[in-house]
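These are my notebook entries on the strands, helices and single residues I looked up. Each entry keeps to one place in the chain.

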Amino acid sequence: MEENTSFSIKNWNEDDRPREKLLLKGRTALSDAELIAILIGSGSRNESAVSLSQRILASADNNLSELGRLSIPELMEFKGIGEAKAISIAAAMELGRRRRTGEALERKKINSSNSVFEYVQPIIGELPHEEFWILYLNNSNKIIKSSQLSKGGITGTVVDVRLAFKEALQLGAVGIILAHNHPSGTLKPSQADIQLTKKLKVAGDSLDIKVLDHLIITEKAYFSFADENML
C-alpha cells in the first residue's frame, strides 16, 4: 500500500497531527478538514490527508451538509480516496445527521414553529423529493408520534385527509402539525399547499382535533402558516 508513505499522519510534524491536536486541545480546536483527515488517515503520495480533505470540502463549498450529499462514487473521484475512505466519510456524515435527529427527539415538547423545524428538518430538509409528514400531539403539546403521510416527486405529493385523521383518532391526539419539504428551496406556499391546509383544518375542526401549524421546510429555513396568520 503506497498510499501510506511520507504523507501518513504519523510522519507529519507534531503541530500538524490532528489526532494529537484533538487529544491536547479538544475536538473544537480542529477544523472540519482536520476532522475529516482523522477519518481518512492518510492522503496520497503527493498530498497530505488535511490537504486532500480541504480539497474535498472545497468541492462542497466548505459546507458539511453539501458534503453529506456526496455519494460513495462521487467521493471516490478524488485521488487518494478509495472505497474504504469514502465509506468512512459517508458513515461519519450519517452519524452527524442521526445525532441531530436524536437531539431533536429529546425535545419532544413543541412550543414554537422553530422547535418543529428542529425536529423535522433532519428528516426531510435535505431530500431531493417531497415528503409530507404529520406530528400528532397530546394536550401537553408533546409529540405522540410522527408519521410520513405521503412521498412524491420533486414538485409535490398527494395527501389523503382521511388517513391523517384516522391515525389521529387512533392515537387520541388533540392537535396535529403538518410539515412538508420543498426540494426547490422556495419557502413560498403554493396554492395547493394553501388549499390542503384549509381542507385539513376544516376536517380537524369537525373532529375537535386542532391543526396547530403547517411548515414548509427547506435545508436551512422554514415557512410557518401559524406565524404568518394563515390558519
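Entry 1, the strand at one edge. I began with L215 and found that its bridge partner in β5 is S224. I noted for the record that the coordinates are those of a predicted model. I then listed the strand pair itself: β4, residues 210–217, and β5 pair in the antiparallel sense over three bridges.

Entry 2, the whole sheet. I asked in which order the strands of the open sheet stand. The five strands follow the order β2-β1-β3-β4-β5, and the pairing is mixed. I recorded β2 and β5 (222–224) as the edge strands; each has a single partner strand, so one side of each is left without a neighbour in the sheet. On average, neighbouring strands here are turned by 20° against each other, with direction ignored. I also looked for a helix on this sheet and found that α9 lies across β1, β3 and β4. Relative to β4, α9 runs at about 160°.

Entry 3, the hairpin. I examined β1 (residues 131–137) and β2 (residues 143–151), which pair in the antiparallel sense over seven bridges. Within this pair, W133 stands opposite Q148 of β2. The two strands form a hairpin with five residues between them. In the turn I noted N141, whose phi is positive at about 60°.

Entry 4, two histidines. I looked up H129 in the loop between α7 (113–124) and β1. I entered H129 as buried because its relative accessibility is 18%, and the cut-off for buried is under 20%. Its side chain makes a polar contact with the side chain of E131 at 2.8 Å. I turned next to H182, which is found in the loop between β3 (175–181) and α9 (191–207). H182 also counts as buried, at 10% relative accessibility. The side chain of H182 makes a polar contact with that of H180 at 3.1 Å. Leaving aside residues up to four places away in sequence, I listed E130, K188, D193, I216, I217 and T218 as the residues that H182 touches.

Entry 5, a helix pair. At what angle do α2 and α3 pack? I read about 115° for α2 (residues 32–40) against α3 (residues 49–59), with the axes 8 Å apart. The crossing of α2 past α3 is right-handed. From α2 the contact takes D32, A33, E34, I36, A37 and I40, and from α3 it takes A49, V50, L52, S53, Q54 and L57. I sorted these residues into eight nonpolar, two polar and two charged.

Entry 6, positive phi values. I kept in mind that most residues other than glycine have a negative phi. D61 has a positive phi of about 60° although it is not a glycine, and N62 has a positive phi near 55°. D61 is found in the loop between α3 and α4 (64–67), and I placed N62 in the loop between α3 and α4 as well. I asked whether D61 is buried or exposed. D61 is exposed, with a relative accessible area of 64%, and N62 counts as exposed at 54% relative accessibility.

Entry 7, a pair separated in sequence. I located R162 in helix α8, residues 161–171, and found R162 exposed, with a relative accessible area of 69%. R162 and L200 are 38 residues apart in sequence, and I noted 9.3 Å between their C-alpha atoms.

How values were computed:
Residues are numbered from 1 along each chain as its sequence is written. This is a predicted model: local features need pLDDT of at least 70, side-chain atom pairs count only at pLDDT 80 or more; totals for chains, interfaces and linings use all residues. Side-chain values use heavy atoms; hydrogens and water are left out. Two strands pair if DSSP finds at least two bridges between them. Buried means under 20% relative accessible area, exposed over 50%, partly exposed in between (1.4 Å probe, protein chains only). A polar contact is a pair of N or O atoms within 3.5 Å; within protein, one must be able to donate a hydrogen and the other to accept it, and residues adjacent in sequence count only if both atoms are side-chain atoms. Contact means heavy atoms within 4.5 Å. Axes are lines fitted to C-alpha atoms, for helices over the stretch in contact, and angles run from 0 to 180 degrees between N-to-C directions. A crossing is left-handed if the near helix is turned anticlockwise from the far one by less than a right angle, and right-handed if clockwise. Ala, Val, Leu, Ile, Met, Phe, Trp, Tyr, Cys and Pro count as nonpolar, Asp, Glu, Lys and Arg as charged, and the others, Gly among them, as polar.
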